[in-house]
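User: Walk me through the local geometry of this one, please. I'd like the reasoning along with each value.

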Amino acid sequence: MKTSLRTIGAAMIVFAATACGNGNGKGAANVAETQEEALPKVSVVGSVRRMVPQTGTYTSTVQANVVNNIAPQSASRIKKVNVEIGDFVSAGQILAEMDVVNLEQVKMQMMNDSTELVRIKGLYEVGAVSKSDLDAMQLSYNVRKTSYENLVENTILRAPISGVVTARNYDKGDMYSMQQPLYTVQQITPVKLLVGISESVYTKVHKGDAVSLVVDALPGESFSGVIERIYPTMDAATHTFTVEVKVANRDRRLRPGMFAKVTVDFGSNNSVVVPDQAVVRQLGSGDKFIYVLNDDNTVSYRKVVLGVRMGTEYEVLEGIEEGQKVVVDGQLRIKDGVKVEVVER
């Protein structure tokens, strides 16, 4: 009996030792397998270099190219009004007529001076009057003629430009009080926009450059313009400079006061481009980062400077080079310096 118990005990010890040996081998293999499975899985794509269009979009307001306030020089009774708000007028068209009493008086005096000047010239030619008398009469006629011409301009009020009437502040029969203009006429073919552009692109903007714009009031429509003038100074508070954009507006679709978004083309840059999925934004700051895959399958956290966004891609100005592989999926599972497993997207 004792012999049997000893035999059974020895057999159990041998079995246990064998089992432990087999268990230790499988345990090491399982640990290695678990470590390999623990590598975070990421997807990567290669960064590329290509020409990237450089544009900027700015807000502005449509303005009339020229605004004229029409009014006589002195108070007078309004005899006639010929146009209303919203009417389109041509340069030289009569808009209103003032009382003509003063005009008629000065006209008669001018005609009388003209007749007298002819008579004095005849007398001077035969030696009946002196040169000073002739000069005095000539001066009197010139002064009267100038006064008449000025009264004509201020009695028969004409449009100095072609445009649309945007204000009429008096009615027929009113006494013009010299407080408000009788009419306001705005030239809207063309229109202009004053656009504030960042000083960082000052050297990329030139007179004659083409621009495009859209307005909220006319959805789905786009208009073309050209930079007519570049203001020579910078705004110290906003670090912007002003450009004046002209739009032909031949169909008169654009009206003063419309809110517009103006897109300016600054040419193209030969830049590195990556998918927008590669960009990681750091919370609490404006910094942007990209994970770059190294040759040993570790990743590096690179701070980048971004340029233009083009749909689902970003231009990268600083931080990575052409051809480097960037992580586009799995960023939440990794950190700087860790080893990763690259999988197909």
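**Rings, turns and a helix pair**

User: What relative accessible area does R252 have, and which class does that put it in?

Analyst: Keep in mind that this is a predicted model. The relative accessible area of R252 is 36%. Buried would need a value under 20% and exposed one over 50%, so R252 ends up in the class in between: partly exposed.

User: Where is R252 found?

Analyst: R252 doesn't belong to a strand here; it's in a loop. The elements on either side are β13 and β14, the latter covering 259-275. That makes the spot the loop between β13 and β14.

User: What is phi of R252 near?

Analyst: Most residues other than glycine have a negative phi. R252 isn't a glycine, yet its phi is positive. The value is near 60°.

User: Which ring face does R252 lie over?

Analyst: R252 lies 3.9 Å from the centre of the ring in question. A charge counts as over a ring if CZ of Arg is within 6 Å of the centre and within 35 degrees of the normal. The ring is that of F88.

User: Which residue has a positive phi of about 70° although it is not a glycine?

Analyst: This one sits in the loop between β9 (175-176) and β10. At 48% relative accessibility, the residue counts as partly exposed, because exposed starts over 50%. The residue with phi of about 70° is M178.

User: Which peptide bond is cis?

Analyst: Most peptide bonds are trans. Here's one with omega near 15°, and its proline is found in strand β10. The cis bond runs from T189 to P190.

User: How many aromatic pairs does a search of the whole structure find?

Analyst: A pair of aromatic rings is described by the distance of the centres and the angle of the planes. To make the list, ring centres have to lie within 6.5 Å of each other. Searching the whole structure gives this number of pairs: four.

User: What kind of pair do the rings of Y202 and F241 make?

Analyst: The centres of the Y202 and F241 rings are 4.8 Å apart, and the planes sit at 85°. Planes over 60 degrees apart get their own label, so Y202 and F241 are edge-to-face.

User: How many residues apart are Y202 and F241?

Analyst: Y202 is in the loop between β10 (183-198) and β11 (210-215), while F241 is in strand β13 (residues 240-247). The pair therefore links distant parts of the chain, with a gap in residues of 39.

User: Which of the two counts as buried, Y202 or F241?

Analyst: The cut-off for buried is under 20%. Y202 has a relative accessible area of 34%, so Y202 is partly exposed. At 1%, the buried one is F241.

User: What kind of pair do the rings of Y291 and Y301 make?

Analyst: The ring centres of Y291 and Y301 are 4.8 Å apart, with the planes at 35°. Stacked needs under 30 degrees and edge-to-face over 60, so this pair is tilted.

User: How far apart in sequence are the parts that Y291 and Y301 tie together?

Analyst: Y291 belongs to strand β16 (residues 288-293) and Y301 to strand β17 (residues 299-310). At 6% relative accessibility Y291 counts as buried, whereas Y301 at 29% counts as partly exposed. Along the sequence, the tied parts are apart by 10 residues.

User: Which residue do ring pairs link with Y291 and Y301 into a cluster?

Analyst: Y291 and Y301 already pair up as tilted rings. Ring pairs extend that to a cluster, and its other member is F289.

User: What are α2 and α3 to each other, roughly parallel or roughly antiparallel?

Analyst: Helix α2 (residues 101-125) and helix α3 (residues 131-155) have axes that come within 9 Å and cross at roughly 155°. Angles over 145 degrees meet the cut-off, so the two helices are roughly antiparallel.

User: How many residues of the contact of α2 with α3 are nonpolar?

Analyst: The passing of α2 and α3 is a left-handed crossing. Seven residues of the contact are polar and eight are charged. The nonpolar count is 12.

Methods
Residues are numbered from 1 along each chain as its sequence is written. This is a predicted model: local features need pLDDT of at least 70, side-chain atom pairs count only at pLDDT 80 or more; totals for chains, interfaces and linings use all residues. Side-chain values use heavy atoms; hydrogens and water are left out. Axes are lines fitted to C-alpha atoms, for helices over the stretch in contact, and angles run from 0 to 180 degrees between N-to-C directions. Helices (H or I, at least four residues) and strands (E, at least two) are DSSP runs, numbered from the N terminus. Angles under 35 degrees count as roughly parallel, over 145 as roughly antiparallel, 65 to 115 as roughly perpendicular and the rest as oblique. A crossing is left-handed if the near helix is turned anticlockwise from the far one by less than a right angle, and right-handed if clockwise. Ala, Val, Leu, Ile, Met, Phe, Trp, Tyr, Cys and Pro count as nonpolar, Asp, Glu, Lys and Arg as charged, and the others, Gly among them, as polar. Rings of Phe, Tyr and Trp (its six-membered ring) pair if their centres lie within 6.5 Å; planes under 30 degrees apart count as stacked, over 60 as edge-to-face and the rest as tilted. Buried means under 20% relative accessible area, exposed over 50%, partly exposed in between (1.4 Å probe, protein chains only).
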